[in-house]
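Grab the model and let's work through a couple of its helices together. Try each exercise yourself before you read the solution.

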Amino acid sequence: MKFFLDSAQVDEIEYGLKMWDIDGITTNPRHVQVSGKPFLSVVKEIGALVAGTDKTVSVEVNPHLENHALMVAEGEKLASISENFVIKLPATEAGFKAVELLKKKGVRSNLTLVFSAAQALHAMRMGAFFVSPFIGWKEANGEETFNFIAEITAIRDNFAFQTEIIVAAVRNARQIVDAAVIGADIVTAGAAVYKDAFRHPFTDEGLKKFISFWDQTTYE
Ligand code: E4P
């Protein structure tokens, strides 16, 4: 399973690449705003960090765009900046059409803001490279997400779609493990979520105990 970092902060991404060998990066308008940098500057910086690798950087089109032709034009412009860029499009009628048109032009897309299995299925039919169901937002709304991801994964397998499923808006280790058990391809989460997921209080406690025993023993 691949781990993507959900961030537009260059220092955080450098850390994730170096320490966790993250497989890709996903950005969105919120992450770009948090970076404090202009959109184009920061996505170019992120693209440079993974240039020459097969790690993808998902970059979102202007969310004001409602017309598929405008989305395609923006997507082509962004894709020309870096071979690593995958164009994020919203799961709207125009976004689905833009996926199809961009695919014909050789541009990879990531259907974002996916909240139903039907949206995910249509994204796959239209040729999305990635589809991003947002589980954190659904759970915050009181909706279940295990079956949601299981259905999308079953649909992908039933029809041998090539689309990779990015389980997005992941908030904790349980959700990462659930996505892996179901057989989703990728999770994307923030750096803090990975930091928490890779540690356990018993490991820290156990290490303290072992240090104490070590210190009470001679080496030779
Ligand atoms: C995924 O690609 C999105 O960027 C992300 O997971 C959205 O969720 P968040 O910004 O609420 O974490």
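**Exercise 1.** Work out which residue follows α1 and what sign its phi has.

*Solution.* Go to the end of α1, residues 10-20; helices here are DSSP runs (H or I, at least four residues), strands likewise (E, at least two), both numbered from the N terminus. Next comes D21, with a positive phi near 50°. This is a predicted model, where local features need pLDDT of at least 70, side-chain atom pairs count only at pLDDT 80 or more, and totals for chains, interfaces and linings use all residues. Residues are numbered from 1 along each chain as its sequence is written, and side-chain values use heavy atoms, with hydrogens and water left out.

**Exercise 2.** Find the buried side of α1 and what it packs against.

*Solution.* Start with the buried residues (under 20% relative accessible area; exposed is over 50%, partly exposed in between; 1.4 Å probe, protein chains only): V10, I13, G16, L17 and W20. Down the axis they fall within an arc of 145° (directions from the helix axis to the C-beta atoms), so they line one face of α1. Flip to the face turned away, and you meet exposed D11 and K18. Finally, list the contacts (heavy atoms within 4.5 Å): the buried residues pack against β1, β2, α3 and α10.

**Exercise 3.** Now do the same for α3 (39-50).

*Solution.* First, the buried set: V42, V43, I46, G47 and V50. Their arc is only 140°, which puts them on the same side of α3. Their packing partners are α1, β2, α2, β3 and β4. Past the helix, G52 has a positive phi, near 85°.
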